[in-house]
Amino acid sequence: MANKGPAYGLTREVQNKIDKKYDPELEERLVQWIIAQCGSVVGQPEPGKSGIQVWLKDGCVLSELINSLYASNKPIKVIKKSGMAFKQMEQISLFLQAAEKYGVTKTDMFQTVDLFESKDLAAVQRTLMALGSLAVTKNDGCYRGDPNWFHKKAQENRRDFSDEQLAEGKNIIGLQMGTNAGASQAGMTGYGRPRQIINNNP
């Protein structure tokens, strides 16, 4: 990969906006979770944004993370450290494919360059948060760490109604539509006649 020079003008403004979305407190929580989930095999990053980028950049820590969420039949068969850029990017891609199969939605996924070239580390945080939330929600015994680190995802609460219940529901006027209780036509004039306005006070 060619080295990029400093960004100027609009490019710099855009990058600054992206950088502001990065959450240092969230970084600390995610690092704690990854270490709790994977164990000492993943090591520990240097504190700060660049430290976490270097730690995750080769894709090996991420691959260990996704594998640790499976009791058996690990999605990434080979995790190999490499100094070659295309191998590192390939390892990140394997993590992203496995995370999508695990249930992380496309909208919560980062792009390989977001991590590899440090384009948008906030997007990397978003993916890891979504992965953690899914792991807590699945509650299959594979999640390790404090369950309060992540929100549980909403789960389907399916209801099945019989045909009779559905037919009964059609007879009820929903309160959003107003009510006909106490309605009467008292005081109404016949259609087509002008309204009588009588002023009794002289």
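Student: In this predicted model, which residue forms a salt bridge with glutamate 117?

Tutor: The closest N and O atoms of the pair are 4.0 Å apart, and the cut-off asks for a lysine or arginine side-chain nitrogen within 4 Å of a carboxyl oxygen. Glutamate 117 counts as partly exposed at 26% relative accessibility, and its partner is likewise partly exposed, with a relative accessible area of 34%. The residue that forms the salt bridge with glutamate 117 is lysine 119.

Student: Is lysine 106, which meets glutamate 100 in a salt bridge, buried or exposed?

Tutor: The side chains of lysine 106 and glutamate 100 meet at 3.1 Å, N to O, and glutamate 100 is partly exposed, with a relative accessible area of 37%. For lysine 106 the relative accessible area is 63%, and since the class begins over 50%, lysine 106 counts as exposed.

Student: In which helix do glutamate 90 and lysine 87 both lie?

Tutor: Glutamate 90 and lysine 87 form a salt bridge whose closest N and O atoms are 3.9 Å apart. Glutamate 90 is partly exposed, with a relative accessible area of 43%, and lysine 87 is partly exposed as well, with 38%. The two residues are three residues apart, about one turn of the helix, and the element that holds both, spanning residues 85-102, is helix α5.

Student: How many salt bridges does the count come to?

Tutor: Side chains of opposite charge can pair when their charged atoms come close. Among the pairs counted are glutamate 90 with lysine 87, lysine 106 with glutamate 100, and glutamate 117 with lysine 119. By the 4 Å rule, the number of salt bridges comes to four.

How values were computed
Residues numbered from 1 in each chain as written. Predicted model: local features only at pLDDT ≥ 70, side-chain atom pairs only at ≥ 80, totals over all residues. Heavy atoms only, no water. Helix = DSSP H or I, 4+ residues; strand = E, 2+ residues; numbered from the N terminus. Buried < 20%, exposed > 50% of the residue type's maximum accessible area, 1.4 Å probe, protein only.
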